[in-house]
Structure formats: C-alpha cells, structure tokens
Amino acid sequence: MTIIVTGATGTIGRQVVEQLVKRGADVRALVRDPSKANFPSGVDVVQGDLLDVDSLRSAFAGASTLFLLNAVVPDEYTQALIALNVAREAGIERIVYLSVIHSDLYVNVPHFAGKFGVERMIEQMGLNATILRPAYFMDNDLTIKDVVTGYGIYPMPIGSKGLAMVDTRDIAEIAAIELIRRERAAAPLPLERINLVGPDTLTGADVAAIWTEALGRPIAYPGDDTAGFEKNLRQFMPSWMAFDMRLMSERFLTEGMIPEAGDVERLTGLLGRPLHSYRDFASAIATSA
C-alpha cells in the first residue's frame, strides 16, 4: 500500500513526505528533478511531470493513495484534472487534495478559481477525497522579513478583515494524518473538507503589533496598497503571477480569510497539540535576526 506525493520537493510536499515516513507509511515521491530529492531513506523517488501522462501512469501504478499538490502555474487547473483522471484510471480511490480556503468566494482570482474547479470535479465525479483548504501561509512572510527588520514596515496588504494565517508545518502534519487515515481505512472514505487555519485571525495592524513586540521597536502597517504590491512582485515573478497575487490581496481586503466555527478546535484535536501561532513565527525570526 503506497502513498504517492506530488510536489514532493516543495515546502509543503517535502514536509508531508517526512511526516508520512515518521508514521511508517510506504511513500513514493513524484519529482521533476531527482537531484533535488533529498528525502529520508526508504522513500521511492520517481521522476515525472503532471502534464506528462505517460510518466504519471507509470508513477501512479500500484499506488493506493494520492496527495495532490499543484504549484501556482498558468496551467495548474489542467495539471490537477489530468492527475485526478490518471489516478482514477489507475484505481486510486483515496485522495487528499490541497486546495485553498474560500476558493468559492475568491472567484476572480485565477489560482483560487482553478482550485475550486478541481473541487467541483472531485465532487461531481464521486472521488473519495479529503479537500484541505489552507488559509494564507505565515511562511510567505519569510520573503518580507528584510523589509520588516530593515525598513520598519509590514508591507503585505492584508487589510482589516483578518487572515487566519497557518503554519506550513501544521498543513503538512494534518495532510499526513488524513493520508494515513484514508490509506488505512477498510474502505474508501467519503468526501470531506477541512479548513486549515492558524489559532488567530490577524489584521495588518495586528501583525505590525506582533512584529513591534517581537523586535522591540515600532513596526508600522502602511496600508492596503495592492497596486504597489503588484509592482513589487513584478520584480521577481512573471506579470501574470504578480497580477494574480494582487487580485488575491484585493479579496483579503473585502473578504478576509475567516475560519468557520469549530475550525481551530477541530485542527487542535487532529494534531493533539496547539496550532503554531504567528507570534511564535515572528519571535523565531526576531531571535535569529
């Protein structure tokens, strides 16, 4: 009984592989570049690409459970649908799919709308899956720590509705728990959705206050400049992706990323421990700065 993990060399995928190995699972990692496959011993590394149907057929053969994670790329939707169809063809009936919270609300944001389309396929084709819906990754803020520490501002336009930021360690561990649960069930389990959130729902001002406390000096939240956000992102990512991220940030301002009642308690129960907090994340960066 083998669990196959896509996106296995990425931040979350790598941690999912490690969590599965810790739990004694038989893991196969699908990677585009095997030279980046620095996994624990015993992991079966297979080369492949989500748009290469032959490589997917080979990789999925004999697997019982699939963890599907797609990078934010222009053809993310096509990749996911191909992977799920090939999995179905291979007889894989146990799936965990990494979607995103509020995929049904952020309807104009390309990478959200794509994930919601994948959710619709899973539902309408009757696939047995857990759909994980994470909020904003607090780890994203590693990319702006130099701005925070060097310029005294928190530059992400996250607004005043609040985001339930989640740590990727919590995402990966819950993904592994769900994969094992499905893998070891006597029969394929029905569809389920789980929001993956952090313990606190934070506004831009809240996050600036946390950084102020962590660093021991004032950190400001300059406001909700989504146009400036897009402009800055274009310095190191393609224009389509920077625009996608701007559209996402505009929905932060209008919708936020708000947990449903009971989400935090459910996750704490699954993990058997408290969720990682943004305060701990900021403190760790401040200590190492």
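Which residues does the UniProt annotation "domain: NmrA-like" cover? I looked that up to get going. The record, an unreviewed entry, puts it at residues 2–249. I also jotted down that this is a predicted model.

**Entry 1: the annotated span**

I checked the ends of residues 2–249 and found their C-alpha atoms 38 Å apart. The span is 42% helix and 14% strand.

**Entry 2: two helices that meet**

Next I picked helix α4 (residues 110–124) and helix α9 (residues 239–254). Their axes are 8 Å apart, and the packing angle is about 80°. Angles of 65 to 115 degrees count as roughly perpendicular, so that is what I call α4 relative to α9. On the α4 side, I listed P110, H111 and F112; on the α9 side, they meet D244, M245, L247 and M248. I sorted the residues of this contact into 5 nonpolar, 1 polar and 1 charged.

**Entry 3: aromatic rings**

How many aromatic pairs are there? I got a count of 7. A pair of rings is described by the distance of the centres and the angle of the planes, so I wrote both down for W211 and Y278. Their ring centres are 6.2 Å apart and the planes sit at 85°. Planes over 60 degrees apart count as edge-to-face, so this pair gets that label.

Where do the two residues of this pair lie? W211 is in helix α7 (residues 204–215), and Y278 is in helix α11 (residues 278–288). The pair therefore ties together parts that are 67 residues apart in sequence. Both turned out to be buried: W211 has a relative accessible area of 0%, and Y278 has 2%.

I also found a cluster of Y106, F112, Y136 and F252, linked by ring pairs. F112 was already in my notes, as one of the α4 residues that meet α9.

**Entry 4: R28**

Is R28 buried or exposed? It lies in strand β2 (residues 26–31). Its relative accessible area is 12%, and under 20% counts as buried, so R28 is buried. Leaving aside neighbours within four places in sequence, I saw R28 in contact with residues including T2, I3, I4, V5, D44 and V46. S58, A59, F60, A61 and A63 are also among the contacts of R28.

**Entry 5: L179**

Last stop was L179 in helix α6 (residues 168–184). With 0% relative accessibility, L179 counts as buried. Not counting residues up to four places away in sequence, L179 touches I3, V16, L20, T65, L66, F67 and V96. I3 was on my R28 list too. I also noted that L179 and S277 are 98 residues apart in sequence and 24 Å apart in space, C-alpha to C-alpha.

Definitions and conventions:
Residues are numbered from 1 along each chain as its sequence is written. This is a predicted model: local features need pLDDT of at least 70, side-chain atom pairs count only at pLDDT 80 or more; totals for chains, interfaces and linings use all residues. Side-chain values use heavy atoms; hydrogens and water are left out. UniProt positions are given in the numbering used here, feature names are shortened, and annotations may be inferred rather than shown by experiment. Helices (H or I, at least four residues) and strands (E, at least two) are DSSP runs, numbered from the N terminus. Axes are lines fitted to C-alpha atoms, for helices over the stretch in contact, and angles run from 0 to 180 degrees between N-to-C directions. Angles under 35 degrees count as roughly parallel, over 145 as roughly antiparallel, 65 to 115 as roughly perpendicular and the rest as oblique. Contact means heavy atoms within 4.5 Å. Ala, Val, Leu, Ile, Met, Phe, Trp, Tyr, Cys and Pro count as nonpolar, Asp, Glu, Lys and Arg as charged, and the others, Gly among them, as polar. Rings of Phe, Tyr and Trp (its six-membered ring) pair if their centres lie within 6.5 Å; planes under 30 degrees apart count as stacked, over 60 as edge-to-face and the rest as tilted. Buried means under 20% relative accessible area, exposed over 50%, partly exposed in between (1.4 Å probe, protein chains only).
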